[in-house]
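This report describes a protein structure and its ligand for a reader who is new to such models. Please consult the sequence and the three-dimensional view while reading.

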Amino acid sequence: MSDTLFLDIMAGKIPADIVFENDQVIGFRDINPQAPHHVLFVPRERIPTINDIQPEQAALIGELFLAAACYARELGVDSRGYRVVMNCNEAAGQTVFHIHLHFLAGRNFQWPPG
Ligand code: AMP
């Protein structure tokens, strides 16, 4: 998977079903959904993994969660619940090295995750 895939989506070079946008974050539907609602919230600035987040980017990371909560309210799933996940590196299954918060909703989720 290309490391610039999400930059290409933001640039309009690769089509995506965009459901959320502000000046710092974009949200689009995952191409391989794992729940009835599966959206990726991605910072416009490319940070490869959680390990690369710098202290000055803390507010940007907060924007990902604010975007997810805003979208949950829009969908009307905020009270029932939803899951957000960010994978880091190979053992967690990260395949795109531009951090992204998975937003999953519309079904019940198990714990612990697989
Ligand atoms: P991760 O495995 O945590 O790095 O998540 C990467 C996600 O990107 C996977 O859930 C993929 O299904 C998703 N994905 C890959 N290519 C695209 C694409 N072109 N548009 C939307 N989602 C994609």
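In this predicted model, Ile-61 is found in helix α2, which comprises residues 58-75. Its relative accessibility is 15%, and because buried means under 20%, Ile-61 counts as buried. Leaving out residues up to four places away in sequence, Ile-61 touches Ile-47, Ile-53 and Ile-99. Val-77 is 16 residues apart from Ile-61 in sequence, and the C-alpha atoms of the two are 22 Å apart in space.

**The sheet**

Strands of a sheet pair through backbone hydrogen bonds, in either a parallel or an antiparallel manner. Here, five strands form an open sheet with antiparallel pairing, and their order is β1-β2-β3-β5-β4. The edges are occupied by β1 (18-21) and β4 (83-85); each has a single partner strand, so one side of each is left without a neighbour in the sheet. From one strand to the next, the twist averages 20 degrees.

Within this sheet, strand β3 (residues 37-43) and strand β5 (residues 101-105) are joined in the antiparallel sense over five bridges. Opposite Val-39 stands Phe-103 in β5. Helix α2 packs on the sheet and touches β1, β2 (25-29), β3, β4 and β5. The direction of α2 makes about 150 degrees with that of β3.

**The ligand**

There are 17 residues around the ligand, of which Asp-30, Asn-87, Gly-93, Thr-95 and His-102 come nearest. The table lists polar contacts that involve an oxygen atom of the ligand.

| Residue | Protein atom in the contact | Distance |
|---|---|---|
| Thr-95 | polar backbone atom | 2.7 Å |
| Val-96 | polar backbone atom | 3.0 Å |
| His-102 | N or O atom in the side chain | 2.8 Å |

On its own, the ligand has 510 Å² of accessible area, and the protein covers 87% of this area.

**A histidine in a loop**

His-98 lies in the loop between α3 (89-92) and β5. Is this residue, His-98, buried or exposed? With a relative accessible area of 0%, His-98 is buried. The side chain of His-98 reaches the backbone oxygen of Glu-45 at 3.5 Å. When neighbours within four places in sequence are set aside, the residues in contact with His-98 include Asp-3, Phe-6, Leu-7 and Met-10. Further contacts of His-98 include Val-42, Pro-43, Arg-44, Glu-45, Arg-46, Ile-47 and Pro-48. Among these, Ile-47 is also touched by Ile-61 of helix α2.

Technical notes:
Residues are numbered from 1 along each chain as its sequence is written. This is a predicted model: local features need pLDDT of at least 70, side-chain atom pairs count only at pLDDT 80 or more; totals for chains, interfaces and linings use all residues. Side-chain values use heavy atoms; hydrogens and water are left out. Helices (H or I, at least four residues) and strands (E, at least two) are DSSP runs, numbered from the N terminus. Buried means under 20% relative accessible area, exposed over 50%, partly exposed in between (1.4 Å probe, protein chains only). Contact means heavy atoms within 4.5 Å. Two strands pair if DSSP finds at least two bridges between them. Axes are lines fitted to C-alpha atoms, for helices over the stretch in contact, and angles run from 0 to 180 degrees between N-to-C directions. A residue is near a molecule or strand if one of its heavy atoms lies within 4 Å of it. A polar contact is a pair of N or O atoms within 3.5 Å; within protein, one must be able to donate a hydrogen and the other to accept it, and residues adjacent in sequence count only if both atoms are side-chain atoms. Accessible areas come from the Shrake-Rupley method with a 1.4 Å probe; for residues, only the protein chains shown count as cover.
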